[in-house]
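Subject: A structure for you to look at

Hello,

Here is the structure I promised you. Please open it and keep it beside you while you read my notes.

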Amino acid sequence: MHSRSDRERAASMWLVLASSDRAKAWTEWDTYRVALLRCGSLFSAVRIPGYLVYTAAGAEEPEAVRRFLAEILDGGPIFYDVGGQQYYALTPASAARSWRLTVAECLDSDAFLGVPATDLTEFDPRYPAYWVVPMDGPGTLCAPDDVALLVLMGHQSAVKKAEADR
């Protein structure tokens with residue numbers, strides 16, 4: 001049995017492998033609580049507009065959204081960019097090659113992503129992002145099909161809401 005802090009540390013050590021300058025990534029996490037990591041080698045990330053997550057969840061309250069995301073993504077890691085109002089679901093690097101949904105972008109090897117420190121699991125106004133569903137350990141990622149289901153649910157709900165509002 002490993003403690004949450006052991007799993008966070010192991011996940012950090014794994015994530016930092018996506019940086020070309022690991023020392024810089026550790027310094028960024030220590031200083032800014034967000035490190036710039038390259039997508040496409042260890043992981044890709046699906047950028048999901050916040051409104052799609054909220055319509056899929058049927059809620060905007062953070063704890064309700066957290067529970068919904070943990071369930072629909074089967075515990076897969078997802079973080080929230082406060083300023084951009086975007087969610088980022090980490091998926092296997094191979095997901096970018098087969099991603100076809102246009103309402104949410106899958107970031108590949110051309111993209112760098114500001115990834116929060118693994119122990120930043122609650123909103124803190126001093127920092128730009130936090131984990132809504134934290135990584136459970138190294139290499140633990142969301143299944144692309146689960147992320148696609150989330151995106152499709154949100155998109156369909158948003159379309160229905162827009163039609164009802166007409």
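**Two loop residues and two helices**

Asp74 is exposed, with a relative accessible area of 65%. Keep in mind that this is a predicted model. Asp74 sits in the loop between α4 and β3. Its phi is near 50°, which is a positive value in a residue other than glycine. Why point that out? Because most residues other than glycine have a negative phi. Asp74 comes just after α4.

Now look at Arg33. Is Arg33 buried or exposed? Arg33 is buried, with a relative accessible area of 17%. The cut-off for buried is under 20%. Phi of Arg33 is also positive, near 70°. Arg33 lies in the loop between α2 (22-32) and β1 (34-38). The positive phi of Arg33 falls just after α2.

**Helix α4**

Go back along the chain to α4, residues 62-72. Start at its N-terminal end, which Glu61 caps. A side-chain oxygen of Glu61 lies 3.0 Å from the backbone nitrogen of Glu63.

Which residues of α4 are buried? They are Val65, Arg66, Phe68, Leu69 and Ile72. These buried residues cover an arc of only 165° around the axis, so they are on the same side of α4. The face turned away from that buried side carries Arg67 and Glu71, which are exposed. Try colouring the two faces of α4.

What covers the buried residues of α4? The cover includes two helices, α3 (50-57) and α6. It also includes the strands β3 (78-81), β4 (86-92) and β7 (129-133).

**Where α4 meets α6**

Take the pair α4 and α6 next. Helix α6 spans residues 144-165. The two axes come within 9 Å and cross at roughly 135°. That angle makes α4 oblique to α6. An angle over 145 degrees would count as roughly antiparallel. From α4, the contact uses Phe68, Leu69 and Ile72. From α6, the contact uses Asp146, Leu149, Leu150 and Met153. What kinds of residue are these? The contact has 6 nonpolar residues, no polar ones and 1 charged one. Note that Phe68, Leu69 and Ile72 are also among the buried residues of α4.

**Helix α2 and Trp29**

Now turn to α2. Its buried residues are Ala25, Glu28 and Trp29. They cover an arc of only 95° around the axis, so they too are on the same side of their helix, α2. The face of α2 turned away from them carries the exposed residues Ala23 and Asp30. The buried residues of α2 pack against α1 (4-15), β1 and β6 (112-116).

Pick out Trp29 in helix α2. Trp29 is buried, with a relative accessible area of 3%. Which residues does Trp29 touch, leaving out those up to four places away in sequence? Here they are, in three groups:

- Ser12, Leu15 and Val16
- Val34, Ala35 and Leu37
- Val115, Pro116 and Ala117

One distance to check for yourself: Trp29 to Thr102. These two residues are 73 residues apart in sequence. In space they are 31 Å apart, C-alpha to C-alpha.

Best wishes

Conventions: Residues numbered from 1 in each chain as written. Predicted model: local features only at pLDDT ≥ 70, side-chain atom pairs only at ≥ 80, totals over all residues. Heavy atoms only, no water. Axes fitted to C-alpha atoms, helices over the stretch in contact; angles between N-to-C directions. Helix = DSSP H or I, 4+ residues; strand = E, 2+ residues; numbered from the N terminus. Parallel < 35°, antiparallel > 145°, perpendicular 65-115°, else oblique. Contact = heavy atoms within 4.5 Å. Nonpolar A, V, L, I, M, F, W, Y, C, P; charged D, E, K, R; others polar. Buried < 20%, exposed > 50% of the residue type's maximum accessible area, 1.4 Å probe, protein only. Arc of directions from axis to C-beta. Polar contact = N/O pair within 3.5 Å; in protein donor to acceptor, adjacent residues only side chain to side chain.
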